[in-house]
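Got a sequence and a model to look at over coffee? Let's go through it in a few questions and answers.

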Amino acid sequence: MITILNFSQRAEGINDTICADLQAGFTVQGIDTRSIKARDLTIGFCNNCRSCMRAPGDELGECHLGDDMKELLESILESRCLIVSAPINCYDLPSLVRVMLERMSVFCHWPDDKYAPAVRKMPREIKGVLITTSALPGIMVPLVTRARKSFSLFARPLRVTKIDYHHLGFKGRKGDMNYTEKDRRVVRKIISDVSRLYPERS
Ligand SMILES: Cc1cc2nc3c(=O)[nH]c(=O)nc-3n(C[C@H](O)[C@H](O)[C@H](O)COP(=O)(O)O)c2cc1C
């Protein structure tokens, strides 16, 4: 399975179009794909109670908040590939990524007498793809934003590795907020690259 996680808050914006195109492409390839819009989820703030970090072992800790975070993490962990599509906001990934990062304390075991937590080991590696859209030229994104760093923090406990990055720039002006032929080519390349992870379907 592939999980496509869209962090844009804007309905029918560029990220929605990218994710819809990815979903359609993988469906044509016969690959089971789940598309999730982060804005549709209920994800509360971590309140630092640390109860999810008490139990030892590699099972995810239990969070008492009981919102959509658990199901989201389980969906990603069931996947062979995670594709995140997100706008660059304020030189970083959107703030909801940070809210989720704090909620990923379920991946840690932190006894009261230890200075720092140990990260639970997830059973298998997941291929990662990060797509960003920005007013900045795409080439500038790794240089002047924290997007890759934030994504790697998000990816590490999930065992998302071998990450491909695609930064689609020049989306600042109203007239530029279109899904261009170049963007379409990037999406087609992602579909082709990721589909290779599923040789049993070709
Ligand atoms: C609050 C806000 C902050 C933004 N900050 C940045 C930024 O720091 N750098 C940048 O290149 N673009 C920035 N942008 C432009 C967005 O990245 C762009 O509008 C978005 O990629 C479009 O995606 P969407 O159509 O899915 O909303 C910002 C936009 C908003 C609304």
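Q: Where is K162 placed?
A: This is a predicted model, and K162 catches the eye with a phi near 45°, a positive value in a residue other than glycine. As for its place, K162 sits in strand β7.

Q: Does K162 count as buried or exposed?
A: The cut-off for exposed is 12 or fewer C-beta atoms within 10 Å. K162 has 11 C-beta neighbours inside 10 Å, so K162 counts as exposed.

Q: Which loop holds R159, a residue with positive phi that is not a glycine?
A: R159 has a phi of about 65°. With 17 C-beta neighbours inside 10 Å, R159 counts as partly exposed. Its home is the loop between α5 and β7.

Q: What is the strand order of the open sheet of five strands?
A: Strands of a sheet pair through backbone hydrogen bonds, either parallel or antiparallel. Here the pairing is parallel. Read across the open sheet, the order is β2-β1-β3-β6-β7.

Q: Which strands stand at the edges of the sheet, and why is one side of each left without a neighbour?
A: The order β2-β1-β3-β6-β7 is that of an open sheet. An edge strand here has a single partner strand, so one side of it is left without a neighbour in the sheet. The two are β2 (33-37) and β7 (160-168).

Q: Which residue in β3 does I2 stand opposite?
A: Strand β1 covers residues 2-6 and β3 covers residues 81-87, and the two pair in the parallel sense over five bridges. Opposite I2 in β3 stands C81.

Q: Which residues of α2 are buried, and why do they line one face of the helix?
A: An α-helix has 3.6 residues a turn, so residues three or four places apart point the same way. The buried residues of α2 fall within an arc of 60° seen down its axis, so they line one face. On the other side, E71 and E74 are exposed. The buried ones are M69, L73 and I76.

Q: What do the buried residues of α2 pack against?
A: Helix α2 (residues 69-77) lies across β1, β2 and β3, and runs at about 150° to β2. The packing partners of its buried residues are β1, β3, α3 (95-103) and α5 (147-158).

Q: How many residues surround the ligand, and which are the closest?
A: By class, the shell has eight nonpolar, seven polar and two charged residues. That shell consists of 17 residues, and the closest are S8, G13, P87, T133 and S134.

Note on methods
Residues numbered from 1 in each chain as written. Predicted model: local features only at pLDDT ≥ 70, side-chain atom pairs only at ≥ 80, totals over all residues. Pairing = 2+ DSSP bridges. Helix = DSSP H or I, 4+ residues; strand = E, 2+ residues; numbered from the N terminus. Contact = placed C-beta atoms within 7 Å. Axes fitted to C-alpha atoms, helices over the stretch in contact; angles between N-to-C directions. Near = placed C-beta within 6 Å. Nonpolar A, V, L, I, M, F, W, Y, C, P; charged D, E, K, R; others polar. Buried ≥ 20, exposed ≤ 12 C-beta atoms within 10 Å, placed from the backbone. Arc of directions from axis to C-beta.
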